[in-house]
Amino acid sequence: VSLQMMKHAWDNYKRYAWGLNELKPISKQGHSSNLFGNIQGATIVDALDTLYIMEMKEEFKEAKEWVEKNLDFNVNAEISVFEVNIRFVGGLLSAYYLSGEEVFRKKAVELGEKLLPAFNTPTGIPWALLNIKSGIGRNWPWASGGSSILAEFGTLHLEFVHLSHLSGNPVFAEKVMNIRKVLNRLDKPEGLYPNYLNPSSGQWGQHHVSIGGLGDSFYEYLLKAWLMSDKTDEEGKKMYYDAVQAIETHLIRKSSGGLTYIAEWKGGLLEHKMGHLTCFAGGMFALGADGAPNDKTGHHIELGAEIARTCHESYDRTSMKLGPEAFRFDGGVEAIATRQNEKYYILRPEVIETYMYMWRFTHDPKYRQWGWEAVEALEKHCRVDGGYSGIRDVYNNHESHDDVQQSFFLSETLKYLYLLFSEDDLLPFEHWVFNTEAHPLPVLHKDDGNKEENQK
Ligand code: DMJ
């Protein structure tokens, strides 16, 4: 089924928005996101590996030809360093590792080089926004006192380690190792990492902590950096398990109805709200269970299972059976969105991502059932003639479509669905880690170097 869904999403993108960033499936035209400046083709680059994995060979070939001929980084564009890294660098790297086609390696390294000026700050903590022509960077005007964002500068590590590996140029890995150094020098409130860090002073901005938006993938990348290093990156490992300990103590709570959730922390006060984005953490806890200190493996799996259940409830308690952007545990409600501007669903993957990890680690059939419920809801409410669209209010009985087919729907949501219903030996976790946009990157095995040496 996910293959049919991918075909529908891809064919319509191709018909109405080919070469542009995303598709507007209702108005049947292109959608340009300012996150990528005028770098074009986000959907193509994000979808490459999904096409490859689903063995959509013709489509993969057209996508590759578009990349060869049209993907151009010599443009005057102000881009989001984070978004371009996770979607474009990540997408190109995984397309290279899966297919072995040199063009993807070349483009990934070329783009990586374009991103390097973002690190030209007094601390080396990169800017959020960068003009890739002039090399001038700045931060989001809304971010606490000129701060950079934890989930943005903390979500470069996997891709940059691979860029050094593939280019032979150590500069990429040096830049991301320095980020860790800066973080490890700082005092952390209650052992937690605030979402904001000023790249000039090297001091935290507002003490807001989140495992959802603004924080999320920073934690994910600590764990995955350790896994991707074949478990040699002890620093990443320690930072991850220490952070999880602090998160459990200060952010994880149980509702009176027995649902475990992860709250947000604002200068010591809890906001009892969990974002759809936060739902990825179920999968993260399960993925990290094996390495957990003090015999806590079972506990981390259990935590993953509880988060999966809570996020499933957030879907089940809507009329469309699709989850809202954020749901609350206060004012007498549990796992329900109470504010109008938190009731939308934009084809996000996190809940299905967690089902996929839980399935792989437990083989409990409920995760496939839950994934299937999501497929039915997507088909019923999000599928339109011109592709797939987000929904403005999942509690309403009538669809109001937002008219955007997000590129992460093809890279993540459909890929995780496909994996949920595939055998475990498709992209096995011993050999692959997924970047935060679901682009698989190979584990760099300890003996890889030697192997090459031996072959020579
Ligand atoms: C994706 O770009 C990535 O998963 C990112 O980590 C968070 N936001 C979207 C999907 O919701």
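A residue counts as buried when its relative accessible area is under 20%. In this predicted model, Thr436 has a relative accessibility of 15%, so Thr436 falls on the buried side of that cut-off. This residue makes a good starting point for a tour of the structure, as several threads meet there. The UniProt record, an unreviewed entry, places the feature "binding site" at Thr436. Along the chain, Thr436 sits in the loop that runs between β17 (432–434) and β18 (440–442).

What does Thr436 touch, once residues up to four places away in sequence are set aside? The neighbours are Phe82, Ile86, Thr155, Ser217, Glu220, Tyr221 and Glu412. With one of these, Glu220, the contact is polar and runs from side chain to side chain, at 2.9 Å.

The ligand comes next. Thr436 is among the residues that surround it, together with Ile86, Arg87, Leu277, Arg348, Pro349, Glu350, Phe408, Glu412 and Glu437. Which side chains bring an N or O atom to an oxygen atom of the ligand? Thr436 does so at a distance of 2.8 Å. In Glu350, an N or O atom of the side chain is 2.7 Å from a ligand oxygen, and for Glu412 a polar side-chain atom lies 2.6 Å from an oxygen atom of the ligand. On its own, the ligand has 290 Å² of accessible area, and the protein covers 91% of this.

The loop between β17 and β18 also holds Ala438. Here the backbone deserves a look. Most residues other than glycine have a negative phi. Ala438, which is not a glycine, has a positive phi of about 65°. Is Ala438 buried or exposed? Its relative accessibility is 0%, and therefore Ala438 counts as buried. A second residue of this kind is Asp403, with a positive phi near 65° although it is not a glycine. Asp403 belongs to the loop between β16 (387–388) and α15 (407–420). Because its relative accessibility is 12%, Asp403 is classed as buried too.

Attention now turns to the nonpolar interior. In soluble globular proteins, nonpolar side chains tend to be buried together. The largest nonpolar core of this model has 148 residues, and the members that touch the most others are Ile39, Val67, Tyr219, Ile262 and Phe285. Helix α4 (residues 81–99) supplies the largest share of this core, with 11 residues. A second core, separate from this one, consists of six residues, including Leu129, Ala143, Ile149 and Tyr196.

Phe285 shows what the surroundings of such a core member look like. Leaving out residues up to four places away in sequence, Phe285 touches Tyr240, Val244, Ile252, Ile262, His300, Leu303, Gly304 and Ile307. Ile262, on this list, is itself one of the core members that touch the most others.

Leu270 offers another case to consider. This leucine is found in strand β12 (residues 269–271). With a relative accessible area of 24%, Leu270 is partly exposed, because buried means under 20% and exposed means over 50%. Its contacts, again without residues up to four places away in sequence, are His250, Arg253, Ala263, Glu264 and Trp265. How far apart are the C-alpha atoms of Leu270 and His250? They are separated by 8.6 Å, while the two residues are 20 residues apart along the chain.

How values were computed
Residues are numbered from 1 along each chain as its sequence is written. This is a predicted model: local features need pLDDT of at least 70, side-chain atom pairs count only at pLDDT 80 or more; totals for chains, interfaces and linings use all residues. Side-chain values use heavy atoms; hydrogens and water are left out. A nonpolar core is a set of buried Ala, Val, Leu, Ile, Met, Phe, Trp, Tyr and Cys residues joined through side-chain atoms within 4.5 Å. Buried means under 20% relative accessible area, exposed over 50%, partly exposed in between (1.4 Å probe, protein chains only). Helices (H or I, at least four residues) and strands (E, at least two) are DSSP runs, numbered from the N terminus. Contact means heavy atoms within 4.5 Å. UniProt positions are given in the numbering used here, feature names are shortened, and annotations may be inferred rather than shown by experiment. A polar contact is a pair of N or O atoms within 3.5 Å; within protein, one must be able to donate a hydrogen and the other to accept it, and residues adjacent in sequence count only if both atoms are side-chain atoms. A residue is near a molecule or strand if one of its heavy atoms lies within 4 Å of it. Accessible areas come from the Shrake-Rupley method with a 1.4 Å probe; for residues, only the protein chains shown count as cover.
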